[in-house]
Amino acid sequence: MFRQLASALAIGLIATAAHAQTYPEKNIRMVIPFPPGGGTDILGRLVAQKLTEANHWTIVPDNKAGAGGTLGITEAARGKPDGYDMVMGQKDNLVVGPWLYKSLPWNPVKDFTPVAHVAWSPVIIATSINSKYKTLADVVAAAKAAPDTVTYGSPGNGTTIHLAGDQFEKAAGIKLRHVPYKGSNPALMDALAGNVDLLVSSVPSAMAQVKAGKLRPLAVTSAKRSTSLPDVPTVAESGYKGFDMSTWYGLLMPAGAPAPIVAQMNGAVNKLLATPEMQKAIHDQGAEPLAMTPEAFSQQLQRDYQGMEKIVRDAGVKIE
């Protein structure tokens, strides 16, 4: 019996390895859980394009937006664990969403296989170039003079970006008025039009308008300055020591994806991230490339998922 079991396992491993050698034999779908134009969409399409060019694969981006990215993650969790379904996930939908929604049909740690970390990005606090706010100190002064009147737009309730805004309010001892949107682009458009006083956004979502001189960055929320925006101070430098809120992006497959295929995709992504061309492309979008092994990415996912519970609870955000 034991010999039969060992033989079956050996046959299975040989078959999996053989499959990995011919992978991919068809198109790979990359679910992007947000609408076109946001930071996750920009980076997802960039990775899909460059992997396709470098490896002669066909990776097809598939936008599945809704519920702060959790609808797309739900669809990805239902995919087959054969290496042909993956998702460009990020901190918002993977580690924040499960603490906001009561009945999500997946767990980020149990139902996904982390494949390749791609990049991290600070959150940016910005305003229209025509705004009266020139510095973060101006915003704080106005909010203290008239609490709950200075408005800021975000991509949605409970996103890492919203939570970064909430954490800034607590650090500064002020009360802002949060205006949630269905994605980064609508919030950006209203900030440019002056319909909200501030934009709190991922850097990739805002970078084009910063470069165009239409959006004035006031601060970034990471512990260190963004390589893409070296002249923009951090919130910590602006007087709030220890402040650090950032987001990350990475590729995941449904749980049970074959280990050889995970290793192959991880190697392809990490090789891509090591090229000057890809590093420049990611920096141009306002993000910071960061390669990891699947194991290191898995550890980060678990650590962030566990640590986010308190932040969400303290923010008092609940979505039915």
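Is K50 buried or exposed at 12% relative accessibility? The legends below refer to a predicted model, and the first of them takes up this residue.

**View 1. K50 and E53 form a salt bridge within helix α2.** K50 counts as buried, with a relative accessibility of 12%. Its partner E53 counts as partly exposed at 46%. The side chains of the two residues meet with an N to O distance of 3.8 Å. Because K50 and E53 are three residues apart in helix α2 (residues 39-55), about one helical turn separates them.

**View 2. D284 and K280 pair within helix α10.** The salt bridge between these side chains has an N to O distance of 2.8 Å. Both residues belong to helix α10, which spans residues 276-284. They are four residues apart, or about one turn of the helix. K280 counts as exposed at 53% relative accessibility, whereas D284 is partly exposed with a relative accessible area of 29%.

**View 3. A salt bridge joins E75 and R29.** The closest N and O atoms of this pair are 2.8 Å apart. The pair connects distant parts of the chain, with E75 in helix α3 (residues 70-77) and R29 in strand β1 (residues 28-32). In sequence, the two are 46 residues apart. E75 is partly exposed at 29% relative accessibility; R29 is also partly exposed, with a relative accessible area of 22%. Both E75 and R29 belong to a network of salt bridges that also includes D62 and D85. The count of salt bridges comes to eleven.

**View 4. E288 is a buried residue with no salt bridge.** E288 lies in strand β10, residues 288-289. The nearest side chain of opposite charge is that of K224, 6.1 Å away. A salt bridge requires a side-chain nitrogen of Lys or Arg within 4 Å of a carboxyl oxygen of Asp or Glu, so the pair of E288 and K224, at 6.1 Å, does not qualify.

**View 5. Polar atoms and contacts around E288.** A polar atom of the E288 side chain lies 2.7 Å from the backbone nitrogen of T227. The side chain of E288 also makes a polar contact of 3.4 Å with the side chain of H283. With neighbours within four places in sequence left aside, E288 is in contact with V118, A119 and W120, with S226, T227 and S228, and with I282 and H283. T227 and H283 thus appear both among these contacts and in the polar pairs described above.

Methods:
Residues numbered from 1 in each chain as written. Predicted model: local features only at pLDDT ≥ 70, side-chain atom pairs only at ≥ 80, totals over all residues. Heavy atoms only, no water. Buried < 20%, exposed > 50% of the residue type's maximum accessible area, 1.4 Å probe, protein only. Lys, Arg positive; Asp, Glu negative; His and termini not counted. Polar contact = N/O pair within 3.5 Å; in protein donor to acceptor, adjacent residues only side chain to side chain. Contact = heavy atoms within 4.5 Å.
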